[in-house]
Amino acid sequence: MKRRDFVQHLCPSMAIFALANACVQANEPVTDLSATEIQEFERVSTKYNEEGYFQEGNLVFVNLSNPDFSKLGNNLAYVNILDAGVLLVRTDEKTLKAFSNCCPHQGIRGAWVFVNGRFKCENHGNSYNITEVNTVSCSSNSISGGLLRFNVVAYKQFLKITKV
Ligand code: FES
């Protein structure tokens with residue numbers, strides 16, 4: 001299993017995030033995480049801010065049990081972690097994906113809506129796919145293409161997002 005798809009084995013409902021680890025184990029043993037990676041999650045476990053995330057370099061750790069992320073239990077719901085530069089979106093009941101929130105057109109980060117499976121930036125109305133087709137860079141003046149996807153690793157109710 002690819003690491004970026006590991007998050008697909010999260011429980012579908014945020015209401016049962018407390019059972020997320022059990023759900024993961026039911027689908028796939030947590031063999032994908034090394035002891036070092038688990039220690040990394042544990043090392044930052046007291047560092048989450050009130051909004052439920054913690055940034056360290058190019059890493060963003062997310063605590064999905066924080067109320068700010070509760071709506072991610074709903075299919076097609078998304079959260080823009082504005083200051084962390086991340087869009088988190090549930091694309092189906094088993095899948096959460098992370099993308100750059102920097103608009104490929106002119107770099108606006110806070111004007112996104114998710115419509116028909118695409119993120120639309122309401123600053124100028126351009127929309128971008130989340131299928132990694134024709135990925136375009138932040139503020140590259142692109143008016144179409146795909147948003148940059150970030151790798152996601154899940155552990156219990158936590159995510160580690162690696163920004164590139
Ligand atoms: S800045 Fe996003 S569409 Fe122009």
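Buried residues make up 48% of the 164 in this chain, a figure that comes from a predicted model. "Buried" here means a relative accessible area under 20%, which is worth keeping in mind when we reach the strands below. Seen from the outside, the chain exposes about 7,900 Å², and carbon and sulfur atoms supply 47% of that area.

Let's walk along the sequence next. The chain holds 2 helices and 10 strands. Their order is easy to remember: the pattern reads α-α-β-β-β-β-β-β-β-β-β-β, with the two helices ahead of the strands. How much of the contact map links residues that are 24 or more positions apart? Taking the contacts with a separation of 6 or more, such pairs account for 49%.

Now to the sheet. Seven strands form an open sheet in the order 1-2-10-9-5-4-3, and their pairing is antiparallel. At its edges lie strand 1, covering 53-56, and strand 3, covering 78-81, each of which pairs on one side only. From one strand to the next, the twist averages 25°. As general background, strands of a sheet pair through backbone hydrogen bonds, in either a parallel or an antiparallel way.

Start from the side of strand 1 and step inward. Strand 2 (residues 59-63) is paired with strand 10 (residues 158-162), antiparallel and over 5 bridges. If you would like a landmark for this pairing, look for V60, which stands opposite I161 of strand 10. In the sheet order, strand 10 is followed by strand 9 and then strand 5.

Strand 5 deserves a longer stop. Is this strand, residues 95-100, mostly covered or mostly open? It is mostly covered: 6 of its 6 residues are buried. In the sheet order, strand 5 sits between strand 9 and strand 4, and we can look at each neighbor in turn.

On one side, strand 4 (residues 86-92) runs antiparallel to strand 5, and 6 bridges join the two. They are also linked along the chain, by a hairpin that passes through 2 residues. A handy pair to select in your viewer is V86 and its bridge partner in strand 5, S100.

On the other side, strand 9 (residues 149-155) is joined to strand 5 by 2 bridges, again in the antiparallel sense. Here A98 has F150 of strand 9 as its bridge partner. Beyond strand 4, the order ends with strand 3, the edge strand at 78-81, and that completes the tour of the sheet.

Notes: Residues are numbered from 1 along each chain as its sequence is written. This is a predicted model: local features need pLDDT of at least 70, side-chain atom pairs count only at pLDDT 80 or more; totals for chains, interfaces and linings use all residues. Side-chain values use heavy atoms; hydrogens and water are left out. Helices (H or I, at least four residues) and strands (E, at least two) are DSSP runs, numbered from the N terminus. Buried means under 20% relative accessible area, exposed over 50%, partly exposed in between (1.4 Å probe, protein chains only). Contact means heavy atoms within 4.5 Å. Accessible areas come from the Shrake-Rupley method with a 1.4 Å probe; for residues, only the protein chains shown count as cover. Two strands pair if DSSP finds at least two bridges between them. Axes are lines fitted to C-alpha atoms, for helices over the stretch in contact, and angles run from 0 to 180 degrees between N-to-C directions.
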